[in-house]
Amino acid sequence: NKPTDCWVVVSGKVYDLTDFLSQHPGGSASILAHAGTDVTQLFYDIHSEETDIFKAAYLIGRISPEDEKAHISQIKGYPRRTPDGKEVEISPAKWVEVELAQKVEVTHDTRRLVFRFLAPDGRMWLPWGRHVHLAVDLPDRMVVRPYTPIKPILPQEDDGTFELMVKMYFPSDGRPGGELTMLLENLKLGQRVKVKGPEGHLWYVGGGTFCIHGHYFFTKKMNFLVGGTGLTPALAILRAVLVAENPDGKDLRMIFANKSFDDILCATELADLVRDSGGRLRLCHVIAGASQDHRQRAEDESKVKMEGVSVAYGLVNEGILKPNLIPAADSACCFMCGPPAFIAKGVMPALKGLGFSDEQIFEF
């Protein structure tokens with residue numbers, strides 16, 4: 001498990017990749033991060049089933065049959081199926097067509113889009129916190145962006161559809177709008193796009209256990225720091241913890257940053273989670289551009305404030321985070337998602353100032 005002696009396991013085969021490190025198209029670091037482990041799941045999340053990236057010369061043996069865990073592609077009955085026998089439609093190795101079933105205007109620049117699989121009994125079965133890539137085919141290219149579905153999260157919601165919360169970037173001040181979001185804004189019901197997944201290096205397994213790059217860690221104390229549509233992976237995990245499983249013993253905090261009150265996504269869903277959490281979840285809305293009119297500000301606050309939900313103003317900083325997070329000394333983990341500037345200039349410096357170590361901070 002080091003640069004001078006690097007072994008991995010893929011589908012029961014043991015490879016010595018020491019000499020391959022310098023040749024890997026993705027660089028040596030991505031292999032060394034998992035040296036000495038079984039990388040089957042991670043390998044096929046990134047590469048297609050037909051990929052033969054490792055030369056036979058690197059193969060040095062097999063792990064014993066009793067220790068071997070077959071990859072899903074080797075299990076009889078592939079394609080994958082859910083426990084109730086429904087076929088899992090999405091795949092990290094191929095694009096799947098879906099059709100637009102519903103479009104709802106949530107705010108002036110946010111849409112809730114519901115897509116339906118073409119297979120009548122198709123299911124998504126997406127791990128909590130992971131995302132998919134959505135694509136629209138143009139005559140000369142494919143336009144692709146990542147999105148984390150807000151549904152299905154619970155098994156009973158996996159009904160052959162999935163929902164995305166999409167912020168639309170309209171043209172303004174001579175600047176073009178977002179290429180994919182403008183295509184989605186003009187998409188008609190019944191028209192098709194493509195989806196592929198699951199994608200993402202970090203997801204929630206359940207029972208307080210997370211997986212990152214194939215490695216597992218456990219925590220019952222979780223801080224989520226999100227901005228704008230970066231809410232979606234955190235929302236998936238919050239619903240998993242508080243609704244899909246027993247939340248006893250869990251302690252959850254969320255910092256949700258937005259430019260204005262009107263930009264807050266899923267406000268009703270978040271309020272319901274806080275209300276039904278029995279005090280396990282506390283939420284702080286951080287508003288960067290609040291009205292200077294005190295009457296208007298009070299009216300805006302009244303729409304979101306309740307027991308367990310507070311409001312702060314300005315950009316994310318130590319002063320805002322300190323009273324609203326589980327402290328670093330309590331072995332809490334922090335999970336971030338949002339615009340690059342929000343992470344680099346706001347969240348990371350503030351977390352470091354509050355004593356959180358690199359081992360306690362994760363980004364979706």
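Buried means a relative accessible area under 20%. The structure treated in these exercises is a predicted model.

**Exercise 1. Confidence**

Task: State what the average pLDDT of the protein chain is, and which residues stay under 50.

Solution. Start with the chain average, which is a pLDDT of 87. A score of at least 70 is reached by 91% of the residues. Next, look for the low stretch: pLDDT stays under 50 over residues 68–79. For that stretch the model has 16 contacts beyond four places in sequence.

**Exercise 2. Phe117**

Task: Decide whether Phe117 is buried or exposed, and describe its surroundings.

Solution. First, place the residue: Phe117 belongs to strand β5, which covers residues 110–117. Second, take the relative accessible area of Phe117, which is 2%. The cut-off for buried is under 20%, so Phe117 is buried. Third, list contacts, leaving out residues up to four places away in sequence: Phe117 touches Glu89, Ile90, Val96, Val98, Gly122, Arg123, Met124, Gly160, Phe162 and Val195. Finally, a distance: the C-alpha atoms of Phe117 and Val144 are separated by 18 Å, with these positions 27 residues apart along the chain.

**Exercise 3. The open sheet**

Task: Give the strand order of the open sheet of six strands and name its edge strands.

Solution. The order is β7-β6-β9-β4-β5-β8, and the pairing is antiparallel. The edges are β7 and β8, each of which pairs on one side only. On average, neighbouring strands of this sheet are turned by 35° against each other, direction ignored. One pairing can be followed in detail: strand β6 (residues 131–137) and strand β9 (residues 192–199) run antiparallel and are joined by four bridges. Here His133 stands opposite Lys196 in β9.

**Exercise 4. Thr148**

Task: Locate Thr148 and find which residues it touches.

Solution. Thr148 sits in the loop between β7 (142–147) and β8 (161–167). The relative accessible area of Thr148 is 11%, and this residue is buried. Beyond four places in sequence, Thr148 touches Arg130, His131, Leu164, Thr232 and Pro233.

**Exercise 5. Strand β17 and its neighbours**

Task: Explain why strand β17 is described as largely enclosed, then trace its pairing.

Solution. Step one is burial. Strand β17 spans residues 333–337, and five of its five residues are buried, so the strand is largely enclosed by the rest of the structure. Cys333, Phe335 and Cys337 are buried on one side, Cys334 and Met336 on the other, and both faces are thus covered.

Step two is the pairing with β13. Strand β13 (residues 221–227) pairs with β17 in the parallel sense over five bridges. Two facing positions can be named: Leu225 is opposite Met336, and Asn223 is opposite Cys334.

Step three is the pairing with β18. Strand β18 (residues 361–363) and β17 pair in the parallel sense over three bridges. The bridge partner of Met336 in β18 is Glu363. With helix α8 (residues 340–353), β17 and β18 make a right-handed β-α-β unit.

**Exercise 6. Strand β13**

Task: State how many residues of β13 are buried, and how the chain crosses from β13 to β14.

Solution. Six of the seven residues of β13 are buried, and the strand is mostly covered. Seven bridges join β13 to strand β14 (residues 251–258), and the two run parallel. Among the facing positions, Phe224 is opposite Met254 in β14. The chain passes from β13 through helix α4 (residues 231–244) to β14, in a right-handed β-α-β crossover.

**Exercise 7. Aromatic pairs**

Task: Classify the aromatic pair Phe335 and Phe362 as stacked or edge-to-face, and say which parts of the chain it ties together.

Solution. The count for the model comes to 13 aromatic pairs. In the pair of Phe335 and Phe362, the rings are 5.6 Å apart centre to centre, with 20° between the planes. Planes under 30 degrees apart count as stacked, so this pair is stacked. Phe335 lies in strand β17 and Phe362 in strand β18, so the pair ties together parts that are 27 residues apart in sequence. Both Phe335 and Phe362 are buried. One aromatic cluster is formed by Trp128, Tyr204, Phe210, Phe217, Phe224, Phe335, Phe362 and Phe364.

Note on methods: Residues numbered from 1 in each chain as written. Predicted model: local features only at pLDDT ≥ 70, side-chain atom pairs only at ≥ 80, totals over all residues. Heavy atoms only, no water. Buried < 20%, exposed > 50% of the residue type's maximum accessible area, 1.4 Å probe, protein only. Pairing = 2+ DSSP bridges. Right-handed = clockwise from strand over helix to strand, strands pointing away. pLDDT = per-residue confidence, 0-100. Contact = heavy atoms within 4.5 Å. Axes fitted to C-alpha atoms, helices over the stretch in contact; angles between N-to-C directions. Phe/Tyr/Trp six-rings, centres within 6.5 Å; stacked < 30°, edge-to-face > 60°.
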